[in-house]
Amino acid sequence: MTFRARLFTAFTAASVLPLALLAYGVRHEMGARLTSEYEQRVRAAAAEVQDALSSDAAAVSAALAALAHDLASDNRFRLAQVQQDEGERRWLLDLAGERMRAGGLALLRIQDSAGRILSSGQFRNEFDQAAPEIPRALASAAPAITVAQVRTAGGSLLAVVRADSFTVTGQRFTLVGGRIVDSISLAHAVRGRDLGVMLTTGSDTLLRAGAGGAGIGVSETAIGYVAATGSLRDARLVITRSPGTLDAIRRGIDRWTLAALALTLLLAMALAAALAARVSRPLARLAEQTAALDLDRLDQQFATDGDDEIGALSRLLAALTDRLRTGTVRLRDAERRAAFGDVARQVNHDVKNGLAPIRHVVRHLGEVARDEPDRLALVFAERRGTLDSSVDYLETLARNYARLAPNADASRCDLNAVARQVAANLDPARATVRLELAPALPPVMSDPVALRRIVENLAGNAVDSLAGRAGGVTFTTSHANGAASLTVADTGRGMSREELARAFDDFYTTKSGGTGLGLSVVRRLVADLGGTLRVETEPGAGSRFTVDVPAGGTA
């Protein structure tokens, strides 16, 4: 995003965001107040509906308790159970209807202990039918408010039901009574244009009343429901709300807010565009001049007579350009000196590695000439290969440095042979050398000089880590997963976590007189060969450097 675009965005946001925050606050506050009022109305409506149903349930329980007391001491009811003549039968059939109307009930059944209906007030023809469902369901810890669908002569009705019982002549009888759940009375309880009542079992809606009967549920109360199968199920008495005043007010606030924001946004964008253009033009000119600057072209002029911040920036850039002209000359001279210094250190390090075997052989030959002159020719013949390989190594280094780039001519190399050659060149007086080389090791594709430099640097570091104390260096080779591995392990001082973190940095060394290039050279050469380098080390327990190089063919 350009600076001009950022200025435009900032000016626009600074103008619009406060108004948007104000609009959001007004809407949120009004919505919260209206919502609070609605919640109070809903709670009041829910309480009134529950009170109405609870009152009906209490009235039914009271009427049944009075009737149970009367029938328990009614001799005619007792005789009706013993004598089966037509008169007593007719009196018993009419008994429930008379007592139902007297008790203000809409439902009354008198049933024996087996659930057989002896008398039914709401449906006289139920006499002698087995209907144990409602008594059984009400006996199983039914909630205080329980409703049931009950059959009548004119259809079925939904009623708040309760049960009671009494005993006559050693036989237990059950009374089931109820009052109709009237949608008109429930709608009157909510008394609102947008509130309603719904009685549901989850899958079925038993009753709906009020203006908001088909709206959104805002309050629920659990009650019991006796299904047609006789099982007691959970039902919910739900206070519902239809989209009404609250949503209409919110929509109106939203419309006015959006209109105000749109108008403010248009005005803010016009003002922001003008201000951004005025600020960005001189900056754009400075950017063009600065973009033309180059270390080889420092002739740009930033002269200005402005006294504002942009004029100060122009004068600062002019002074900076003058300093760059002076600093460029110094930088180039420092770069040349640093480059020659790095090359000199690298040449010194590699030549020292190549001269070390020659120095060992010459010292050995001097000792033989002094102590056993007659064996000099034989020893010279044995060690001539080391001299020749070291001279070839130095000549190759010389050719590579003459081109200022390493020779990357890869060929098949025997890693075991390189390990034996480097191990033979180590001074036995400084370290005990062990070889654990895997037979049938596949060759690797590598620059022979680079491979030898890797092994010589690792071996030299291993010997140096012994610091003159007794110890050894072990060369181990293996192969797995298409790669050949060489491990150079020592029993020297090891490295701490901090030393290991910097071990591969150029010119970092813990040895007096060291160049700090050995491990950095190893890391670079291993990467050039497409291999990996792993280190295991512990202070006082030595180090293990493992180089994995992709195998390059069959032996």
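How many of the 19 residues of helix α10 are buried? In this predicted model, 15 of the 19 are buried, and α10 is thus a mostly covered helix.

## Overall composition

The protein has 555 residues, of which 40% count as buried. Its secondary structure consists of 12 helices and 16 strands. Among contacts with a separation of 6 or more, 64% are between residues 24 or more positions apart. The accessible surface amounts to about 30500 Å², and carbon and sulfur atoms contribute 56% of that area.

## Helices α10 and α9

Helix α10 covers residues 448–466. From its first C-alpha to its last, the helix reaches 28 Å, close to the 27 Å expected at 1.5 Å a residue. Just after α10, Ala 467 adopts a positive phi of about 55°.

Helix α9 is formed by residues 415–425. Its buried residues include Leu 415, Val 418, Ala 419, Val 422 and Ala 423, and also the polar residues Asn 416 and Asn 425. The N-terminal end of α9 is capped by Asp 414, which places a side-chain oxygen 3.0 Å from the backbone nitrogen of Asn 416.

## Strands β1 and β2: Arg 109 and Ser 119

Arg 109 belongs to strand β1, residues 107–111. Its relative accessibility is 6%, and Arg 109 therefore counts as buried, the cut-off being under 20%. The side chain of Arg 109 makes a polar contact of 2.9 Å with the side chain of Glu 126. Beyond its neighbours within four places in sequence, Arg 109 is in contact with residues including Ile 117, Ser 119, Ser 120 and Gln 122. Further contacts of Arg 109 include Ala 131, Ile 134 and Val 150, as well as Thr 174, Leu 175 and Val 176.

Ser 119, one of these contacts of Arg 109, is located in strand β2, residues 117–120. Ser 119 has a relative accessible area of 0% and is buried. Two polar approaches to backbone atoms involve its side chain: the backbone oxygen of Leu 93 is reached at 3.2 Å, and the backbone nitrogen of Ala 96 lies 3.0 Å from a polar side-chain atom of Ser 119. Leu 93 and Ala 96 are also among the residues that Ser 119 touches, together with Leu 92 and Leu 95. The remaining contacts of Ser 119, not counting residues up to four places away in sequence, are Leu 108, Arg 109 and Ile 110.

## Salt bridges

The whole structure contains 18 salt bridges. Three of them are listed below.

| Salt bridge | Closest N to O distance |
|---|---|
| Arg 99 and Asp 70 | 3.7 Å |
| Glu 220 and Arg 236 | 2.6 Å |
| Arg 493 and Glu 499 | 3.2 Å |

Arg 99 forms its salt bridge with Asp 70. Because Arg 99 lies in helix α3 (residues 86–102) and Asp 70 in helix α1, this pair ties together parts that are 29 residues apart in sequence. Both partners count as partly exposed, Arg 99 at 27% relative accessibility and Asp 70 at 36%.

Glu 220 is paired with Arg 236 in another salt bridge. Glu 220 lies in strand β8 (residues 216–226) and Arg 236 in strand β9 (residues 232–241), so the pair ties together parts that are 16 residues apart in sequence. Arg 236 is partly exposed, with 31% relative accessibility.

In the salt bridge between Arg 493 and Glu 499, the partners fall into separate accessibility classes. Arg 493 is partly exposed at a relative accessible area of 39%, whereas Glu 499 is buried at 16%. Elsewhere, Asp 112, Arg 116 and Asp 128 are joined into one network by salt bridges that share partners.

## A nonpolar surface patch

Which residues form a nonpolar patch on the surface? Leu 22, Val 26 and Met 30 do, with about 260 Å² of accessible area together. Leu 22 is part of helix α1, residues 3–72. The relative accessible area of Leu 22 is 55%, so Leu 22 is exposed. Helix α1 thus carries Leu 22 of this patch and also Asp 70, the partner of Arg 99.

Methods. Residues numbered from 1 in each chain as written. Predicted model: local features only at pLDDT ≥ 70, side-chain atom pairs only at ≥ 80, totals over all residues. Heavy atoms only, no water. Helix = DSSP H or I, 4+ residues; strand = E, 2+ residues; numbered from the N terminus. Buried < 20%, exposed > 50% of the residue type's maximum accessible area, 1.4 Å probe, protein only. Polar contact = N/O pair within 3.5 Å; in protein donor to acceptor, adjacent residues only side chain to side chain. Contact = heavy atoms within 4.5 Å. Patch = residues over 30% accessible without salt bridge, like charges linked within 9 Å, V, L, I, M, F, W, Y side chains within 5 Å. Areas by Shrake-Rupley, 256 points an atom, 1.4 Å probe, with all protein chains shown as cover. Salt bridge = Lys/Arg side-chain N within 4 Å of Asp/Glu carboxyl O. Expected span 1.5 Å × (residues − 1).
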